[in-house]
Amino acid sequence: MTGLSTILIVVGLFLAGGVYSFSKQKMPRGLIVLLSIASLMCLVAGVMRIQGIWE
């Protein structure tokens with residue numbers, strides 16, 4: 001596992017936690033959707049780097 005993959009996965013999980021927190025606080029839906037997309041992109045990029053699909 002490379003360092004960048006680890007960072008991408010950690011950032012993705014951090015953003016996923018932010019989505020959960022913001023949804024509990026009734027934050028604007030647009031912000032929650034934006035954080036969800038960013039979290040998903042980070043997690044997918046990290047996993048793809050681990051699998052060797054995207055280097």
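The crossing of helices α1 and α2 is left-handed. By residue class, the contact of α1 with α2 comprises 18 nonpolar, seven polar and one charged residues. The structure described in this report is a predicted model.

**The helix pair**

Two packed helices are described by the angle between their axes and the distance between the axes. Helix α1 covers residues 3-24, and helix α2 covers residues 29-51. Their packing angle is about 155°, and their axes lie 8 Å apart. Angles over 145 degrees count as roughly antiparallel, and α1 and α2 are therefore roughly antiparallel to each other.

**The chain as a whole**

In its secondary structure, the protein chain has two helices and zero strands. Along the principal axes, its C-alpha atoms fill a box of roughly 40 × 15 × 10 Å. The chain has 55 residues, of which 24% count as buried. Its accessible surface amounts to about 4,000 Å², and carbon and sulfur atoms contribute 74% of that surface. Among the contacts with a separation of 6 or more, 63% are made by residues 24 or more positions apart.

**Three residues**

The following table lists three residues with their locations and relative accessibilities.

| Residue | Location | Relative accessibility | Class |
|---|---|---|---|
| Ser-39 | helix α2 | 5% | buried |
| Leu-31 | helix α2 | 32% | partly exposed |
| Lys-26 | loop between α1 and α2 | 72% | exposed |

Ser-39 counts as buried because its relative accessibility is 5%, and the cut-off for buried is under 20%. Which residues does Ser-39 contact, leaving aside its neighbours within four places in sequence? These contacts are Gly-12, Leu-15 and Ala-16. Ser-39 itself is found in helix α2, while helix α1 spans residues 3-24.

Leu-31 also belongs to helix α2. With a relative accessible area of 32%, Leu-31 is partly exposed. How far is the C-alpha atom of Leu-31 separated from that of Leu-4, and what separates the two residues along the chain? The C-alpha atoms are separated by 26 Å, and the residues are 27 positions apart along the chain.

Lys-26 is located in the loop between α1 and α2. At 72% relative accessibility, Lys-26 counts as exposed, since the cut-off for exposed is over 50%. The backbone of Lys-26 has a positive phi of about 60°, although this residue is not a glycine.

Note on methods. Residues are numbered from 1 along each chain as its sequence is written. This is a predicted model: local features need pLDDT of at least 70, side-chain atom pairs count only at pLDDT 80 or more; totals for chains, interfaces and linings use all residues. Side-chain values use heavy atoms; hydrogens and water are left out. Helices (H or I, at least four residues) and strands (E, at least two) are DSSP runs, numbered from the N terminus. Buried means under 20% relative accessible area, exposed over 50%, partly exposed in between (1.4 Å probe, protein chains only). Contact means heavy atoms within 4.5 Å. Axes are lines fitted to C-alpha atoms, for helices over the stretch in contact, and angles run from 0 to 180 degrees between N-to-C directions. Angles under 35 degrees count as roughly parallel, over 145 as roughly antiparallel, 65 to 115 as roughly perpendicular and the rest as oblique. A crossing is left-handed if the near helix is turned anticlockwise from the far one by less than a right angle, and right-handed if clockwise. Ala, Val, Leu, Ile, Met, Phe, Trp, Tyr, Cys and Pro count as nonpolar, Asp, Glu, Lys and Arg as charged, and the others, Gly among them, as polar. Accessible areas come from the Shrake-Rupley method with a 1.4 Å probe; for residues, only the protein chains shown count as cover.
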